[in-house]
Amino acid sequence: METKIAYFSAEFGIDASLPIYSGGLGVLAGDHVKAANDLGLPLIAVGIFYRKGYFQQKLTTEGKQEAFYPELDPSILPIDPVLDQHGETLYIAVRIEKRDIYLRAWRAQVGNIPVYLLDSDHERNSKFDRTFTHSLYGGTQETRIAQEMILGIGGTRLLRALALEPNVWHMNEGHSAFLALERIREFSEKGYSFEVALEAVKASTVFTTHTPVPAGHDQFSFDLVDRFLGDYYWQLGATREQILQLGNVQNVFNMTRLAVSTACRVNGVSKLHAQVTKELFHQHWMSHIPAQHIPVEAITNGIHTLTWLSPEMKKLYDRYLEGSWAKKIAEKKVWDRVLAIPDGELWQAHQAAKRRMSQRLGLPNLENMLTIGFARRFATYKRALLLFRDLPRLERLIDHYDRPVCFLFAGKAHPADHPGQELIRRIKEISQTSMFKNKIFFIENYDMNIAKHLVQGVDVWLNTPLKPLEASGTSGQKAAVNGVLNCSVLDGWWNEGYNGQNGWAMLGDVNNGDPDIQDS
């Protein structure tokens, strides 16, 4: 039987033209799909079609973030409706809170890889139930658990309706872990005991975790799980207690715990993150196992190089690397020939990318200024204000007569993350002062298009996470393939990628629990 891998993720950042992603997790999933296509891997991706996507950002004059949710029109997006064998719209039913929710699906085709996206917003559902798939990471706990049932249970049922039989089921974060319960239900329906069904599901399921802090893992009260999944327990050939125990962490139902309980392989997304995850699991639900023996592997995130490579740099690579370089990106020897590129040509290509970035983003000519980029989700642990701890020193750096410097900031804070929004407001405020005007810029409504211009056009990529909270982070890799140097805390992938000559490392002692000392 041909191997097929089902890859479930709550978001996919494939292209800016399909805005159903919020940040790193989705962009990683999109790059994963594109890389699988390049490698000829038999991947089937499953996600959700968010009718209002992720929010659009606008800043007021004072720097306050305003969120807008324009409705997406499927007819002008790069997706097609999924039809049944009679050419009619295919509907999948999932029972949520004691009623059936009907889901239709859309397909985005990424080369040979189908990406199926589930959608509850249609006339067969009530007005309330249509809202379940409106917004990514929006709404209440009720909305979140409904979305995760739609993804995990609905996604599995969709693949069955399409006669697709994956051999491997990959859960990208805990959002999709309900797929394991649906697969246990299938085995139970065939007469297998719960214990046998669980082992069969585990044998073909893998799980990637991206979140290094307890608060980042979705969890629901047992009462909420009873309300939404109560009709489901008996169908799994198990008691309520057996099902709740699969996700039980201190008497709440934790989706990461469910994923770990139902997978045979678990991986973090960098070597350091795997160590942090082992400690996290040990502290919260595997205290009986020494941390070093908890089976979490390290698979460091990468990028889809051709998505992020500037046209200017691609021309250089085409000229100086071997002809099939784009098909051998992971082979080190392919990149040895970068050393043959004349410095002058490399600099000309970079300056051309910088000019294009400035034009497209409405910036002044930055060719003669050292341009440093900082763009990412505005969560507090990423420490966007670290640069501004000593404003007089920053002014001396920026206004240097011979070596002027400017900084480009971009990113969104979740509408419910008020501290993150305050970071944006403060940067906008500083950028408008006389000492920093036209030297510090905040670019609104960050998305994949803006990200491409930034990683291609800046001179240095800056990253300042509080170690060890950057699970992996890949924006610095996107900058690196464009010849842009990375300056980051030794966290995530940079802890492995830094070699002393390819950028700069900021020290941050993972063993020092005092954030102020780390900041200093």
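## Strands, sheets and a helix pair in a predicted model

Strand 6 (residues 91–96) has two contrasting faces: I92, V94 and I96 make up the covered one, while Y91, A93 and R95 make up the uncovered one. The model is a predicted one, in which local features need pLDDT of at least 70 and side-chain atom pairs count only at pLDDT 80 or more, while totals for chains, interfaces and linings use all residues. Residues are numbered from 1 along each chain as its sequence is written, and side-chain values use heavy atoms, with hydrogens and water left out. Helices (H or I, at least four residues) and strands (E, at least two) are DSSP runs numbered from the N terminus.

Strand 6 runs antiparallel to strand 7 (residues 99–110), and six bridges join the two; strands are said to pair if DSSP finds at least two bridges between them. Within this hairpin, A93 has Y102 of strand 7 as its bridge partner. Two residues lie between the strands, and E97 takes a positive phi near 55 degrees there.

D80 belongs to strand 5 (residues 80–81). Its relative accessible area is 44%, so D80 is partly exposed; buried means under 20% relative accessible area, exposed over 50%, and partly exposed in between (1.4 Å probe, protein chains only). Leaving aside residues up to four places away in sequence, D80 touches A105, W106 and R107, where contact means heavy atoms within 4.5 Å. The C-alpha atoms of D80 and E142 are separated by 29 Å, with these positions 62 residues apart along the chain.

E142 leads on to a helix pair. Helix 2 (residues 141–161) and helix 5 (residues 222–229) have axes that come within 11 Å and cross at roughly 50 degrees. Axes are lines fitted to C-alpha atoms, for helices over the stretch in contact, and angles run from 0 to 180 degrees between N-to-C directions. The two helices are therefore oblique to each other; angles under 35 degrees count as roughly parallel, over 145 as roughly antiparallel, 65 to 115 as roughly perpendicular and the rest as oblique. On the helix 2 side, Q141, E142, I145, A146, M149 and I153 take part, meeting L224, V225, R227, F228 and L229 of helix 5. The residues of this contact comprise eight nonpolar, one polar and two charged. Here Ala, Val, Leu, Ile, Met, Phe, Trp, Tyr, Cys and Pro count as nonpolar, Asp, Glu, Lys and Arg as charged, and the others, Gly among them, as polar.

Two open sheets complete the picture. One has three strands in the order 11-13-12, with antiparallel pairing. Its edge strands, each pairing on one side only, are strand 11 (219–220) and strand 12 (248–249). Two bridges link strand 12 to strand 13 (residues 252–254) in the antiparallel sense, and N248 has F253 as its bridge partner in strand 13.

The other sheet has six strands in the order 18-17-16-19-20-21, with parallel pairing. Strand 18 (440–443) and strand 21 (503–506) each have a single partner strand, so one side of each is left without a neighbour in the sheet. On average, and with direction ignored, neighbouring strands here are turned by 20 degrees against each other. Strand 17 (residues 405–410) pairs with strand 18 over four parallel bridges, and L408 stands opposite F441 in strand 18. Helix 13 (residues 391–398) packs on the sheet and touches both strand 17 and strand 18, its direction making about 115 degrees with that of strand 17. In strand 16 (residues 370–375), five of the six residues are buried. Six bridges pair strand 16 with strand 17 in the parallel sense, and I372 stands opposite F407 in strand 17.
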